[in-house]
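Q: Could you take me through one part of this structure up close? I would like one connected account that I can follow with the model open.

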Amino acid sequence: MVRALICLELILNSINLNLVTFSDLFDSRQLKGDIFAIFDIALVTAEDAIGLSILSYIHRNRKSTRIN
């Protein structure tokens, strides 16, 4: 389950990198992509906190974190 959370985090970080890059490439006068990337980073941080709390809850009850 930790591996799935890390993979999701890497995917969302690549999206943020693309947002910032293409925002700078196509419209350098406005910061829409940069602002959206910062907003997305805040959402990913909240998602990580919630995901890790769910993971600790599952581990406490099942004594395992397998998601098969």
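A: Happy to, and one definition helps at the start: helices (H or I, at least four residues) and strands (E, at least two) are DSSP runs, numbered from the N terminus. The model is predicted, so local features need pLDDT of at least 70 and side-chain atom pairs count only at pLDDT 80 or more, while totals for chains, interfaces and linings use all residues. Residues are numbered from 1 along each chain as its sequence is written, and side-chain values use heavy atoms, with hydrogens and water left out.

Let's look at helix α2, which covers residues 32-62. Its 31 residues should span 45 Å at 1.5 Å a residue (times one less than the number of residues), and the end C-alpha atoms agree with that, being 44 Å apart. Just after α2, Lys63 has a positive phi of about 65°.

The buried residues of α2 are Gly33, Ala37, Asp40, Val44, Gly51 and Leu55; buried means under 20% relative accessible area, with a 1.4 Å probe and protein chains only. Their cover includes α1.

The axes of α1 and α2, lines fitted to C-alpha atoms over the stretch in contact, come within 9 Å and cross at roughly 175°. That makes α1 roughly antiparallel to α2, a term for angles over 145 degrees.

From the α1 side, Ser23 lies in that helix, residues 2-26, and counts as buried because its relative accessibility is 12%. Leaving aside residues up to four places away in sequence, Ser23 touches Ser28, Gln30, Lys32, Gly33 and Asp34, where contact means heavy atoms within 4.5 Å.

How values were computed
Buried < 20%, exposed > 50% of the residue type's maximum accessible area, 1.4 Å probe, protein only. Axes fitted to C-alpha atoms, helices over the stretch in contact; angles between N-to-C directions. Parallel < 35°, antiparallel > 145°, perpendicular 65-115°, else oblique.
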